[in-house]
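Visitor: Mind walking me through this one, a few questions at a time?

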Amino acid sequence: MAKKQHDTPQLDQLESGPWPSFVTGIKRLAKTNDMAVDLMGQLETSYQTKKGYWKGGTVGVFGYGGGIIPRFTELKNDKGEAVYPDAAEFHTLRIQPPAGMHYNTATLRKMSDIWEKHGSGLIAFHGQSGDIMFQGATTANVQPAFDELNELGFDLGGAGPAVRTSMSCVGAARCEHSCYDEASAHRTVLNNFLDDMHRPSLPYKFKFKFSGCPNDCMNSIQRADMAVIGTWRDNIRTDEKMAKQWLAKHGMDELVNDVIARCPTKTIELKQIKNLKTGKDLSSVAINDTQALEINNKDCVRCMHCINVMTGALSTGVDKGASILVGGKRTLKIGDLFGTVVVPFMKLETEDDVEKLVDLAQRTIDFFAENALEHERTGEMIERIGLVNFLEAMEIEVDPTMVAHPRTNPYVRTDGWDDEVAKIKAKKQAGMGA
Amino acid sequence: MAQTALRRPVESGVPDNKQFLHPKFIKNYGNWKYHDRPRPGVLHHVSHTGDEVWSVRAGTQRQMDVYTIRTLCDIADKYAEGFVRFTIRSNIEFMVSTAKQVDPLIAELEKNGFPVGGTGNSVSMIAHTQGWLHCDIPGTDASGVVKSLMDELITEFKTEEMPNRVHLSTSCCEINCGGQADLAIIVQHTKPPKINHDQVANVCERPAVVARCPVAAIRPAMVNGKPSLEIDESKCMCCGACYPPCPPMQINDPENSKLAIWVGGKNSNARGKPTFMKMVASGLPNNPPRWTEVGVVVKNILSVYKKDGKPWERMSDWIDRIGWPQFFEKTGLPFTKYLIDDWRGSRASLNQSAHIRF
């Protein structure tokens, strides 16, 4: 039995209604856990005053410099004592999830047992960076809780100016759109940077995210300093049986309005079967006895829309890999930035392929560590120095896939133009001779 | 201090997920052919070998007590096959090998209070932050806002009746950890920080705070004989960037920290390129425990989009078609001068054409 629960009239109103209630959950914990009792007390105070009462500090585990989010209460009485003493220390352990956030029940039960023993009993699956957040431990209990989670095969994630915990989509395990082994890339890349994760010493945070196709279910383009987004180079595959089934079920209006008209580059056409062309860049599939779809893959931007609508009838190609985009982040300090293309296509099939990704990531982080200002993200650094300077440091050749369009102003010194043209020509010739 | 008891960490990093995969996932890894949705909340995947797997998706409260987790595990062990996964929006998925396991699993989840849905063209669970429960800089709560909104949106979670999928997020400060979404609710401060000059010298690294300000409105100053900071309030746009590195720069204000609504963010490349969301409403009160005023605006925008959007139009696609004037007309939201961007690069957000819908 725990101590008596506080009156929480505001929070009690969040127990009704059909969605699962975190308040009911914390109250269940509070029957046997004094920290949960006092957490409710402080949270109720926040609901009444509309103020937060946590401050940070320095709490860690032996051997690591980050991964714990320390929280100490600032809700004190006149004597400077915590109003809710059993939640005066309420630290979070950030634990890295497995790729794709798959679990078996045995593991979840062991995690629950560990956190019931050492913490508040409150666990978030998952935080916005992807961590499993074990919320609410005293300073003294952080180390034993971590030790047991670590023995279970789990490790702390990132916090502060460090490589951060990563996320990858369900990917090859269950998704037909998967264009590389997301789990393997996620694990191999991240586990190469554990020193930069556990001992924060970068200018600011650095995030990787892994999405298996351009649907980008991990939201990597808006959130990751380095986004690895699956794609393919060859033609969209087709399945006539499923295409015919799709049309029979959905009809011609939907095919025209929802598939053909929504192609962003208008590269899908509805044709009479007798008028279909053949060519190495064309995909075509009959949808009934007389009509067919024809796709010119040279003009396809791999947006995924037609494949999403007609899954099975249309699918990604087989020459698969990933595009690498760098510099995505949210608002602070200069405003939102998307990641932008630095490598249009990279194979990720063999261990050597993945090693090349690790190498690119290593060089990016090394350059970031040396050149970014304090508290400057990779995208902001590139904005400041220009993409070309970044590419030259990475020894990546410029490519028109990296821009939405060429420059619209003449403010550039071009006295190296002839040399650049000569280099490109020489490279082309060498390529043709090979 | 005795160091002998300290255990060195095993720096194991990301665990191998193979040990946690459903056997059918291992068998058909990278070999799936297509999927369909037999009903809202259920995904049915078919592999090139003909293998099938059904995934049943249910909403959770994200911040879960261990009893809730054990209940979910009991359901997974009894009605599924002992394997689960979580989605990016904190939904839980149970995998089963036969169609006949689906209905009993759904019934058990619903019986235990876990709504089944969140697939396809539904309003999925809200990506959110920590708020008053755990954050050190929150302007509002997160879990409570989400609970209140999802109570209101439960029908849209359990059905697939929207034009396309709808992703929501909430954030308790302008850093926006909740992230880009079709519709986002974010704290918007309206007054410059109040500075506790007694504490600045002890707590803050002043040059770092000066450097953090996006509009260079902060400078070092001596106040009451102590080193502190001062703000040019005519420059300050109340973003709160100075508050995390310097808690005496008190930006949170129970009355003047408001909530803003943003729409049209999309991370997918499907159809148009990814988009950032745009602010369409602000000045909403931060009103616990149920943030009723925010819920009214959110539900209104979603109901107009539901009625007016064509199949496969995400929020951003819909607005692209109808244009912003009609967006404000149809939703009844006032278009104020504060919605015209004046930050860097803002000219690109103006109408640089004579394209006008009348």
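Guide: Sure. One definition first: helices here are DSSP runs of H or I with at least four residues, and strands are runs of E with at least two, both numbered from the N terminus. Also keep in mind that this is a predicted model.

Visitor: Which residue follows α13(A), and what is its phi?

Guide: Helix α13 of chain A covers residues 387-394. Right after α13(A) comes a residue with a positive phi. That is A:E395, with phi near 55 degrees.

Visitor: Which residues of helix α13 of chain A are buried?

Guide: Buried means under 20% relative accessible area. In α13(A), the residues that qualify are A:F390, A:L391 and A:M394.

Visitor: Why do they sit on the same side of α13(A)?

Guide: Look at the arc they cover around the axis. Because that arc is so limited, the buried residues end up on the same side of α13(A): it is only 95 degrees.

Visitor: What do the buried residues of α13(A) pack against?

Guide: Their partners, also in chain A, include both strands and helices. The strands are β16 (320-326) and β17 (340-346). The helices are α11 (351-371) and α12 (378-385).

Visitor: Which strands pair with β9(A), and in what sense?

Guide: On one hand there's β8 (residues 167-168), joined to β9(A) over two bridges, with A:M167 opposite A:K209. On the other there's β10 (residues 226-232), joined over four bridges, with A:F208 opposite A:M226. So the partners are β8(A) and β10(A), and in either case the sense is parallel.

Visitor: Are the faces of strand β9 of chain A covered or open?

Guide: A:F208 and A:F210 lie on one side, A:K209 and A:S211 on the other. All of these are buried, so by the under 20% cut-off both faces of β9(A) count as covered.

Visitor: How far apart are the centres of domain 1 and domain 3 of chain A?

Guide: The domain assignment puts domain 1 at 9-151 and domain 3 at 237-315, with domain 2 made of 167-230 + 321-402. Taken over C-alpha atoms, the separation of the domain 1 and domain 3 centres is 51 Å.

Visitor: Over in chain B, what should helix α2 span?

Guide: α2(B) runs over residues 66-79, which is 14 residues, at 1.5 Å a residue. The distance between its end C-alpha atoms agrees with the expected span, so both come to 20 Å.

Visitor: What share of chain B is buried?

Guide: Chain B has nine helices and 14 strands. Of its 358 residues, the buried share is 59%.

Note on methods
Residues are numbered from 1 along each chain as its sequence is written. Chains are lettered from A and ligands numbered from 1 in the order in which they are written. This is a predicted model: local features need pLDDT of at least 70, side-chain atom pairs count only at pLDDT 80 or more; totals for chains, interfaces and linings use all residues. Side-chain values use heavy atoms; hydrogens and water are left out. Buried means under 20% relative accessible area, exposed over 50%, partly exposed in between (1.4 Å probe, protein chains only). The arc is that of the directions from the helix axis to the C-beta atoms. Contact means heavy atoms within 4.5 Å. Domain bounds come from an automatic or database domain assignment. The expected span of a helix is 1.5 Å times one less than its number of residues. Two strands pair if DSSP finds at least two bridges between them.
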